[in-house]
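Colleague: Could you walk me through this model and tell me how each label is earned? I'd like to see the value set against its cut-off.

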Amino acid sequence: QVQVVESGGGLVQAGGSLRLSCAASGIIFSINTMGWYRQAPGKQRELVATISSGDSIVYADSVKGRFTLSRDNAKNTVYLQMNSLKPEDTGVYYCNVRCKGPFSRTYDYWGQGTQVTVSS
């Protein structure tokens, strides 16, 4: 059974830092990408950052220079270091694991989400 477990959210003042972790287990297909999405109240879920199996990282423009995504392949774990946080970074952060299965079918696995709240 696939499990995607996130941790590290919380409440922080603007300008502060948080580190999110996401560990995936039970994955039987090859992992294409791992990363983070977020959803603010009343808004659609949006990409924050992802890392590919080839270590290519994509960041949303809004977090470039402030957030850093890293990965521990041996542990199927990704980390999101968030610095210089802004109130607009507030939202529920979801970890995503995208796998490629037989016949090139894509499988998306999601964590339960972790709340990040940045106060002004």
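Modeller: Happy to! Let's start with Ser21: leaving aside its neighbours within four places in sequence, Ser21 is in contact (heavy atoms within 4.5 Å) with Val5, Glu6, Ser7, Trp36, Val78 and Tyr79. Please keep in mind that this is a predicted model, where local features need pLDDT of at least 70 and side-chain atom pairs count only at pLDDT 80 or more, while totals for chains, interfaces and linings use all residues. Residues are numbered from 1 along each chain as its sequence is written, and side-chain values use heavy atoms, with hydrogens and water left out.

Colleague: Where does Ser21 lie, and why does Ser21 count as buried or exposed?

Modeller: Ser21 lies in strand β3; a strand here is a DSSP run of E with at least two residues, numbered from the N terminus. The relative accessibility of Ser21 is 18%. Buried means under 20% relative accessible area, exposed over 50%, and partly exposed in between, with a 1.4 Å probe and protein chains only. Ser21 is therefore buried, at 18%.

Colleague: What makes Cys22 and Cys95 a disulfide?

Modeller: Their sulfur atoms are 1.9 Å apart, and the cut-off for a disulfide is a pair of cysteine sulfur atoms within 2.5 Å. The structure holds one disulfide. Cys22 in strand β3 and Cys95 in strand β9 are 73 residues apart, so the pair links distant parts of the chain. Both cysteines are buried.

Colleague: Why is the disulfide of Cys22 and Cys95 called left- or right-handed?

Modeller: The torsion about its S-S bond is about -80°, so the disulfide is left-handed.

Colleague: And what about Cys99: why is its sulfur bonded or not bonded to Cys95?

Modeller: Cys95 holds the closest cysteine sulfur, but the two sulfurs are 11 Å apart, which is too far for a bond. Cys99 is also buried, because its relative accessibility is 0%.

Colleague: How do you know that Tyr37 and Trp110 form an aromatic pair, and of which kind?

Modeller: A pair of aromatic rings is described by the distance of the centres and the angle of the planes. Rings of Phe, Tyr and Trp (its six-membered ring) pair if their centres lie within 6.5 Å; planes under 30 degrees apart are stacked, over 60 edge-to-face, and the rest tilted. Tyr37 and Trp110 are 5.2 Å apart centre to centre, with 70° between the planes, which makes the pair edge-to-face. Tyr37 sits in strand β4 (residues 30–39) and Trp110 in strand β10 (residues 106–110). Their C-alpha atoms are 9.7 Å apart. The structure holds two aromatic pairs, this one among them.

Colleague: Why do Tyr37 and Trp110 carry the accessibility labels they do?

Modeller: Tyr37 has 16% relative accessibility, so Tyr37 counts as buried. Trp110 is partly exposed because its relative accessible area is 35%.

Colleague: What makes you say that Arg45 sits over the ring of Tyr94?

Modeller: The charged end of Arg45 is 3.7 Å from the ring centre of Tyr94. The rule asks for NZ of Lys or CZ of Arg within 6 Å of the ring centre and within 35 degrees of the ring normal. Arg45 also lies over the face of Trp110, at 4.6 Å from the ring centre. Leaving aside neighbours within four places in sequence, Trp110 is in contact with Val4, Tyr37, Arg45, Tyr94, Cys95 and Asn96.

Colleague: Which residues of the largest nonpolar core touch the most other members?

Modeller: Those are Trp36, Val48, Phe67, Val78, Leu80, Met82 and Tyr93, out of 27 residues. Such a core is a set of buried Ala, Val, Leu, Ile, Met, Phe, Trp, Tyr and Cys residues joined through side-chain atoms within 4.5 Å. Val48, in strand β5, counts as buried because its relative accessibility is 1%. Not counting residues up to four places away in sequence, the residues that Val48 touches include Trp36, Phe67, Leu80 and Tyr93.

Colleague: How do the side chains along β11 point, and how many bridges join β9 to β11?

Modeller: They alternate: Thr114, Val116 and Val118 point to one face and are buried, whereas Gln115, Thr117 and Ser119 point to the other and are not. Three bridges join β9 to β11, which run antiparallel; strands pair if DSSP finds at least two bridges between them. Tyr93 stands opposite Thr114. On the parallel side of the story, four bridges join β2 (residues 10–13) to β11, and Leu11 has Thr117 as its bridge partner.
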